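Q: I have a structure on screen and want to learn how to read it. Can we go feature by feature?

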Amino acid sequence: MLHIGCHLSAAGGYRKMAQDALSIGADTFQFFTRNPRGGSAKALDPADMAACAAICKEHQFVPLVAHSPYTLNPCGSEARVRDFAEMVFKDDLEILENLPGNYYNFHPGSHVGQGVEAGIDLIVKLLDRVMKPGLKTTILLEAMAGKGSEVGSKFEELREIIDRAERGDELGVCIDTCHIYCAGYDVVNDLDSVVAEFDRIVGLDRLKAIHLNDSMQPFASHKDRHEKIGAGTLGVEAIRRIVTHPKLKDLPFILETPHDTLEGYAREIALLRQS
Ligand code: FE
Ligand code: FE
Ligand code: ZN
């Protein structure tokens, strides 16, 4: 069975997200732990999180994906930016201890002119400060499109972060189909080679989730604009090959496609469940 869900609004709380997921035929979902463009988290409500966990357990959901805010940049050039990233990262991981066994996905960050190697140094430093022994959450590095000075658009960069972090053995990776296609990995015409390359450089055992998006932008454009499934440069057939690929098909797939309503996601989930 295909494991699939979408990004949901956390505005109504955790229980509401689990119910929304059920209502659209999903068995996982993604959410922001806090305002994605700011930093403030809502007051912690452990009962609400427990109610969510109970629904997920009852309906045999696969792991959920919490997404860090876009404003979190572990490799910013200013100490203020990096301190904020560390504060938010730690706080998010603490919140997620109330929802054990799930994922925390983050963008490795933008080095803003310091260079990739300096960026990786800073990302590793942040991970070394926040990855405490016994964490109940698996941290995922998201593969990026390489827009501006984004780190993590090459599999080698993800590998280097994993290798250099003290607890790198515990890190996972989330591939975003829109991002890697725009980064120059041709998942449309040569999916098998991309999967083999990921396996060789990072290792498929590290791959924990896939953000399933079509793209408004062309191959290798290093741009990051998600499109609805079938309406972009990947196309529905390429996306079907991704969700049915023998090495990928059992992963949780998260739609981050632009829809204003749950019905849009319900339609995409139904379409892909027919794959
Ligand atoms: Fe993301
Ligand atoms: Fe994504
Ligand atoms: Zn994106």
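Q: Which protein atoms are the donors of the iron ion (ligand 1)?
A: This is a predicted model. A donor is an N, O or S atom within 2.8 Å of the metal. For the iron ion (ligand 1), the donors are His 67 (NE2), His 107 (NE2) and Glu 142 (OE). They lie 2.1 to 2.2 Å from the ion.

Q: How are the donor residues of the iron ion (ligand 1) spaced in sequence?
A: The pattern is H-x39-H-x34-E. Take His 107 and Glu 142. His 107 lies in the loop between strand E4 (103–106) and helix H4 (116–130), while Glu 142 lies in strand E5 (residues 138–142). They are 35 residues apart in sequence, so this pair ties together separate parts of the chain.

Q: Are His 107 and Glu 142 buried or exposed?
A: The cut-off for buried is under 20% relative accessible area. Both His 107 and Glu 142 are buried.

Q: What does Glu 142 bridge?
A: Glu 142 bridges the iron ion (ligand 1) and the iron ion (ligand 2). Those two ions lie 3.3 Å apart.

Q: How far is the zinc ion (ligand 3) from the iron ion (ligand 1)?
A: The separation is 5.2 Å.

Q: Which protein donors does the zinc ion (ligand 3) have?
A: They are His 179 (NE2), Asp 224 (OD), Asp 224 (OD) and His 226 (NE2). Asp 224 is listed twice, once for each OD donor. The distances run from 2.0 to 2.7 Å.

Q: What is the geometry of the zinc ion (ligand 3) site?
A: Look at the angles among the donor atoms. Four donors count as tetrahedral if all angles lie between 85 and 135 degrees. Here the 4 donor atoms give angles of 50 to 138°, and the site is irregular.

Q: What spacing do the donors of the zinc ion (ligand 3) follow along the chain?
A: They follow H-x44-D-x1-H. His 179 sits in helix H6 (residues 177–183), and Asp 224 sits in the loop between strand E8 (214–215) and strand E9 (226–227). That pair links distant parts of the chain, 45 residues apart. His 179 is buried, with a relative accessible area of 1%.

Q: How many disulfides are there?
A: A disulfide needs two cysteine sulfur atoms within 2.5 Å. The count here is 0.

Q: Why is Cys 56 not in a bond with the closest cysteine?
A: Its closest cysteine sulfur, in Cys 52, is 4.1 Å away, which is too far for a bond. Cys 56 counts as buried, at 10% relative accessibility. Cys 182 is in no disulfide either: the nearest cysteine sulfur, that of Cys 178, is 4.7 Å away. Cys 182 is buried too, with a relative accessible area of 0%.

Terms used
Residues numbered from 1 in each chain as written. Chains lettered and ligands numbered in written order. Predicted model: local features only at pLDDT ≥ 70, side-chain atom pairs only at ≥ 80, totals over all residues. Heavy atoms only, no water. Donors = N, O, S within 2.8 Å, 3.2 Å for Na, K, Ca; no water. Tetrahedral: all angles 85-135°; square planar, octahedral: opposite > 155°, others 65-115°. Helix = DSSP H or I, 4+ residues; strand = E, 2+ residues; numbered from the N terminus. Buried < 20%, exposed > 50% of the residue type's maximum accessible area, 1.4 Å probe, protein only.
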